[in-house]
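Hi everyone, thanks for making time today. I'd like to walk you through a structure and stop at a few spots along the way. Here it is on the screen.

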Amino acid sequence: MKGRIQKPWGRLLILAAVTGSLSMLQGCAVRMLPFDDKVVEVEDDDRKEAKKAIDIKPSATPTPTPEPTPTPIPVQPILDEAASFALQYDYDSAIAYLEEQPEYADDLALQTAAKKYRNTKAACTEWKMEDITHVFFHTLIYDTSKAFDGDEDEDGYNQMMTTISEFNGIIQSMYDKGYVMVSLHDIAKVNDDGTMSPGSIRLPPGKKPFVLSQDDVSYYHYMDGDGFASRLVVTDDGSVKCEYIEDDGSVSVGDYDMVPLIDTFVREHPDFSYRGHKGILAMTGYNGVLGYRTDSAYKTRDNLQDNQEEFLRNNPDFDFDREVEEATRVADAMKAEGWEFASHTWGHRNATTSTAEELKEDNKRWEANVKPILGDTDVIIFAFGADISNWQKYDFDNPKFAYYKSRGYNYYCNVDSNRLWVQFTDQAFRMGRRNLDGYRMYYNPEMCEDLFDVDEVWDSSRPTPVPEM
Ligand SMILES: [Zn+2]
């Protein structure tokens, strides 16, 4: 089909004009504050204090007295619940939860915990939106021998993709440096009248916010057999995992892409997430979403691409309605786990070179085919990073912005190699995103230094040199 772009790579649009003006801001981002996990200490101290409060035993007396039955700590579950709020930086909820307990008025342990959370909250600093970085990935490579097998797609994967071992190293390093995942909706707020105001992100010393996104989580047909997961699924315990099709056709379930990897990481390190918020997935629609073939073309069978026809030929039992149902279940489970979705345009359109009319037609398809599954979104993450304006602020004279804003989009992300690029008006929040992929790591390792050391995370199974673009 004409105009459809199948692969997420292409020339990334860099807002070169902005580059110079941002060097001043960069100084703010490289501040390395010492890692200081105060929240955990608070919890431990509270437990000690609570124990102390009930471990007072009567002093020995000449006459044997029966050992007093140790008093259980009835408030321990309350302390644990409060600690779970505080671990994700929601001190107000932790304090409110403690104070609303009937035991609070008479219980020293609860009062002590509330006091400590008040102190931790007072020590937090407010983060300016201009000081928040945003990093993104494509679908992660699980089996490098299949992605880097010398076929026609190898160069693109090598440039634009990140392997699972690299991703795990990057995330561990960012966690160790104190990074905490926040939502775009924490950074800026939309008011009832459609205007926007700065949000509020408050973190204790040593912690700093960042936004995480992932593009094109469709498991496109062209990626079949190249070492990527095949789709996301909800397991019996309600968690979201990936399926991977093995060589013998059997299906394995596990952490084969970013979503379950981050879910597992946050389960082990809750303080990596600000108030339970995780990343945002930029979604097209032409091959369906999340590995499900949910576009109406699979139902009508009109204007199918060759690989779509091949898929339907190979899957004679394909059930469109069930596909939509299962994709919706996965999306709902992800949202419950703190994930968000953005439009990446339906057809992976270049928004710079497309006309306003073309973008309107494309967005109608997104609204018809993707929105019913993923739900409402007010975020556009531009395909190819190709923005609807240069560095100049959006205004309603720009027909593309006027259209997108009229359809409820408030947050707009491009691709920018700078650590920080934010532009904010009372109508739109714009943010640059940094690609952490083979190309960036190979050619500009110094641009990753605030996040991780390329030498430590580089996957040696990557062919070198990474091809130039
Ligand atoms: Zn893309």
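Let me begin with a question: over which residues does pLDDT stay under 50? That stretch is residues 1-58. The model has 103 contacts beyond four places in sequence for those residues, and with pLDDT under 50 there, please keep in mind that what we are looking at is a predicted model. Across the protein, the average pLDDT is 89, and 85% of the residues score at least 70.

Now for the general picture. The protein has 469 residues, and 43% of them count as buried. You can pick out 19 helices and 17 strands. If you take the contacts with a separation of 6 or more, 73% of them are between residues 24 or more positions apart.

Let's go inside. The largest nonpolar core holds 112 residues. Which of them touch the most other members? Those are Ala82, Ala94, Leu98, Met283 and Ala342. Helix 4, residues 76-87, gives the most to this core, with six residues. The core also draws on both domains: at least three residues come from domain 1 (38-56 + 70-123), and at least three from domain 2 (127-457).

Stay with Ala342 for a moment. Leaving aside neighbours within four places in sequence, Ala342 is in contact with Ile280, Leu281, Ala282 and Met283. On top of those, Ala342 contacts Thr377, Val379, Ile380 and Ile381.

Next, two helices. Helix 6 covers residues 108-123, which is 16 residues. From its first C-alpha to its last, helix 6 reaches 23 Å, close to the 22 Å expected at 1.5 Å a residue. Which residues of helix 6 are buried? They are Ala109, Leu110, Ala113, Ala114, Lys116, Tyr117 and Thr120. Looking down the axis of helix 6, these buried residues fall within an arc of 165°, so they line one face of the helix. Turn to the other side of helix 6, and you find Lys115, Asn119 and Ala122 exposed. For anyone who likes lysines, that gives us Lys116 buried and Lys115 exposed.

Helix 11, residues 258-268, is the other one. Its buried residues are Met258, Val259, Pro260, Ile262, Asp263 and Val266. What covers them? The cover includes helix 9 (164-176) and helix 14 (320-336). It also includes strand 2 (133-137), strand 7 (208-215), strand 8 (231-234) and strand 9 (240-245).

If we follow the chain on from helix 11, we come to the loop that leads to strand 11 (280-283), and His277 sits in that loop. Is His277 buried or exposed? His277 has 22 C-beta neighbours inside 10 Å, so it counts as buried. Not counting residues up to four places away in sequence, His277 touches Met181, Val182, Ser183, Asp186 and Gly338. Take Val182 from that list: Val182 and His277 are 95 residues apart in sequence, with their C-alpha atoms 5.8 Å apart in space.

Arg275 lies in that loop between helix 11 and strand 11 too. Its phi is near 55°, a positive value in a residue other than glycine. Arg275 has 16 C-beta neighbours inside 10 Å, so it counts as partly exposed.

Where else is there a positive phi? Asn303 has one, of about 50°, although it is not a glycine. You'll find Asn303 in the loop between helix 12 (297-300) and helix 13 (306-314). Why is Asn303 exposed? Because it has 10 other C-beta atoms within 10 Å, and a residue with 12 or fewer counts as exposed.

Two more stops before I hand over. Thr133 is found in strand 2, and with 23 C-beta neighbours inside 10 Å it counts as buried. Thr133 and Val211 are 78 residues apart in sequence, yet their C-alpha atoms are 6.4 Å apart in space.

Finally, here is one for the proline fans. The peptide bond from Thr464 to Pro465 is cis, with omega near -5°. Pro465 is found in the segment after helix 19 (454-457).

That's my tour, and I'm happy to go back to any of these spots on the screen. Thanks for listening!

Note on methods
Residues numbered from 1 in each chain as written. Predicted model: local features only at pLDDT ≥ 70, side-chain atom pairs only at ≥ 80, totals over all residues. Helix = DSSP H or I, 4+ residues; strand = E, 2+ residues; numbered from the N terminus. Buried ≥ 20, exposed ≤ 12 C-beta atoms within 10 Å, placed from the backbone. Contact = placed C-beta atoms within 7 Å. pLDDT = per-residue confidence, 0-100. Core = buried A, V, L, I, M, F, W, Y, C linked by C-beta atoms within 7 Å. Domains from an automatic or database assignment. Expected span 1.5 Å × (residues − 1). Arc of directions from axis to C-beta.
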